[in-house]
Amino acid sequence: MHRIPGILRSGALAALLVLPAAQVSAKVVPGDVQKGIASYYHDSLHGLPTASGTPYDKNRLSAAHKTLPLGTKVRVTDTATGKSIVVRINDRGPFIKGRIIDLSRAAAAKLDMLHKGLARVRVEILSVPGRRGS
């Protein structure tokens, strides 16, 4: 199978995988920060269902995270360039060791990471659905 470096192909898989409840963060609050590597969805996943049930739309600002509650809004900042975007978590993933968030193509384009495929990022939680003050 031909693999495209830096691009995660887990979107279709993410809709099928279910994480145990204990793995989904129950204690996240606005202001929490994570640092790590971001990747982005392959175009072939456009239109396939996400874990939230909505189809993946490569032209919208969205992202996948392994543990943040679906619907959480986060600010993703490329630590090398300082560019940032706000996305909503609507899927699970990435499922590649060392990666913390998988961005839609539109989100990756706003961060200017399409060519390199990966970026070191800071992920700040802005709001968590169903939480007061979010």
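Which residue stands opposite Asp-102 in strand 6? In this predicted model, that residue is Ala-64.

I'll stay with strand 6 for a moment. Strand 6 spans residues 99-103, and 5 of its 5 residues are buried, so the strand is mostly covered, with buried meaning under 20% relative accessible area.

Now the pairing. Strand 3, residues 62-64, runs antiparallel to strand 6, and 2 bridges join them. The Ala-64 and Asp-102 pair I opened with belongs here. Strand 2, residues 33-41, pairs with strand 6 in the parallel sense, over 4 bridges. Here, Ala-38 has Ile-101 in strand 6 as its bridge partner.

Next, the loop that leads into strand 6. Strand 5 covers 84-91, and the loop between strand 5 and strand 6 contains Pro-94. The peptide bond joining Gly-93 and Pro-94 is cis, with omega at about -10°. As background, most peptide bonds are trans, and most residues other than glycine have a negative phi.

That second point brings me to Asp-112. Its phi is near 55°, which is positive, and the residue is not glycine. Where does Asp-112 lie? Its place is in the loop between helix 2, residues 105-110, and strand 7, residues 119-127. Is Asp-112 buried, partly exposed or exposed? Asp-112 has 48% relative accessibility, so it counts as partly exposed; the exposed class needs over 50%.

To recap the two backbone items: the cis bond is at Gly-93 and Pro-94, and the positive phi is at Asp-112. On the sheet side, strand 6 pairs in the parallel sense with strand 2 and runs antiparallel to strand 3.

Methods: Residues are numbered from 1 along each chain as its sequence is written. This is a predicted model: local features need pLDDT of at least 70, side-chain atom pairs count only at pLDDT 80 or more; totals for chains, interfaces and linings use all residues. Side-chain values use heavy atoms; hydrogens and water are left out. Helices (H or I, at least four residues) and strands (E, at least two) are DSSP runs, numbered from the N terminus. Buried means under 20% relative accessible area, exposed over 50%, partly exposed in between (1.4 Å probe, protein chains only). Two strands pair if DSSP finds at least two bridges between them.
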